[in-house]
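Please open the structure in your viewer and keep the selection tool at hand. The tour moves from the whole chain to helix pairs and then to single residues.

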Amino acid sequence: MGKIRSKVSEWVSRLIKGLMVVILLPVVIGLLLGMREQLGLISVTGGSARQWIEWGLAAYVGIHVVLYRPVGLFRASHALFSAMAVWLFGGQVASTEQASQKSSKREPSEKGQRRPQGSVLVAFSPYVVPVFTVLVCLAGWGLQQWVDRVKIEAPLYAAIGMSLAFHWLMTADELQERRRAWHVETYLLAVSLVFGVTLVVAAACLPLVAPELSFVQLLGSGLTHAQAIYTTVIQRLFL
């Protein structure tokens, strides 16, 4: 009887995760489309803000695939996030690095064993915060106080694109290493959360370098696109 209950509980958990993936994917796609739309309206030397960010994305993808994967830099960003979080929240996430080390020593499994409360969130939090994107936006905001914005905005947007591509690709590689211990819906949920929360964080930081943008405007545009995706899917499935 106990085995049946645990089996039912496992399948219910997997079903809930699958439904969350179905709900989150249109939101993530909508946020991406909304941000591209708003960034395309900003004129920059040699193109638009969207074009420079996309060129930065493409440049890093080429470096990552062909030349070099800066794993050490990615680990450093995690350590930097941990140090910042300890400073901001008084040590509440001081166990980030320890949690990841423990999970790597013992194969994390979804079946049977229960992790310490909060350890999953603590270990997962650095993956959803693009530290270098935040730092680039802060550096750009500081430089704009002293340097003419026109002179730095194009390379600044390219650097933002490179930092986002760096975070996404390195996180994807990291999650792929843990894929064997996860069910497919858990993996898809993790990827959706990483991309979705990263886009929200980026939307919160972009107004620092582009004052004509606003966080509410970016989110509103993204949610409008998400609503359109939901409507299209529902009409094709049920109408």
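What follows is a sequence of selections, each with a description of what is there.

**Before selecting anything**

This is a predicted model, in which local features need pLDDT of at least 70 and side-chain atom pairs count only at pLDDT 80 or more, while totals for chains, interfaces and linings use all residues. Residues are numbered from 1 along each chain as its sequence is written, and side-chain values use heavy atoms, with hydrogens and water left out.

**The whole chain**

Begin with the protein chain in a cartoon view, where nine helices and two strands are to be found; helices (H or I, at least four residues) and strands (E, at least two) are DSSP runs, numbered from the N terminus. Followed from the N terminus, the elements come in the order α-β-β-α-α-α-α-α-α-α-α. Of the 239 residues in the protein chain, 38% are buried, where buried means under 20% relative accessible area, exposed over 50% and partly exposed in between, with a 1.4 Å probe and protein chains only. Among contacts with a separation of 6 or more, 79% join residues 24 or more positions apart, a contact being heavy atoms within 4.5 Å.

**Helices H2 and H7**

Next select residues 49-67, which form helix H2, together with H7; their axes come within 7 Å and cross at roughly 45°. Axes are lines fitted to C-alpha atoms, for helices over the stretch in contact, and angles run from 0 to 180 degrees between N-to-C directions. H2 and H7 are therefore oblique to each other, given that angles under 35 degrees count as roughly parallel, over 145 as roughly antiparallel, 65 to 115 as roughly perpendicular and the rest as oblique. The crossing of H2 with H7 is right-handed; a crossing is right-handed if the near helix is turned clockwise from the far one by less than a right angle, and left-handed if anticlockwise. The contact of H2 with H7 has 18 nonpolar, three polar and one charged residues, where Ala, Val, Leu, Ile, Met, Phe, Trp, Tyr, Cys and Pro count as nonpolar, Asp, Glu, Lys and Arg as charged, and the others, Gly among them, as polar.

**Helices H7 and H8**

Keep H7 (residues 149-177) and add H8 (residues 184-205), whose axes come within 11 Å and cross at roughly 160°. That angle makes H7 roughly antiparallel to H8, and this crossing is right-handed. With side chains displayed, Leu-164, His-167, Trp-168, Thr-171, Leu-175 and Gln-176 of H7 can be seen to meet residues of H8 that include Tyr-187, Val-191, Val-194, Phe-195 and Thr-198. By class, the contact of H7 with H8 has 10 nonpolar, four polar and no charged residues.

**Two residues of H8**

Which residues does Thr-198 touch, leaving aside those up to four places away in sequence? They are Tyr-127, Val-128, Pro-130, Leu-164, His-167, Trp-168 and Leu-193. Thr-198 is buried, with a relative accessible area of 0%, and its C-alpha lies 9.5 Å from that of Thr-133, although the two are 65 residues apart in sequence.

Move within helix H8 to Glu-185, which is buried at a relative accessible area of 9%. Not counting residues up to four places away in sequence, Glu-185 touches Arg-14, Lys-17, Gly-18 and Val-21.

**From H8 to H9**

Now add helix H9 (residues 215-238), which packs with H8 at an angle of about 145°, the axes being 8 Å apart. Here Val-200, Ala-203 and Ala-204 of H8 meet Phe-215, Leu-218 and Leu-219 of H9, so that the contact consists of six nonpolar, no polar and no charged residues. The crossing of H8 and H9 is right-handed.

In the loop between H8 and H9, select Leu-206, which counts as buried at 2% relative accessibility. Residues up to four places away aside, Leu-206 touches Met-35, Leu-39, Cys-137, Ile-160 and Leu-213.

**Two cysteines**

Finish with Cys-137, and ask why its sulfur has no bond to that of Cys-205. The two sulfurs are 5.0 Å apart, too far for a bond, a disulfide being a pair of cysteine sulfur atoms within 2.5 Å. Cys-137 is buried at 0% relative accessible area, and Cys-205 is buried too, at 10%. A search of the whole structure finds zero disulfides.
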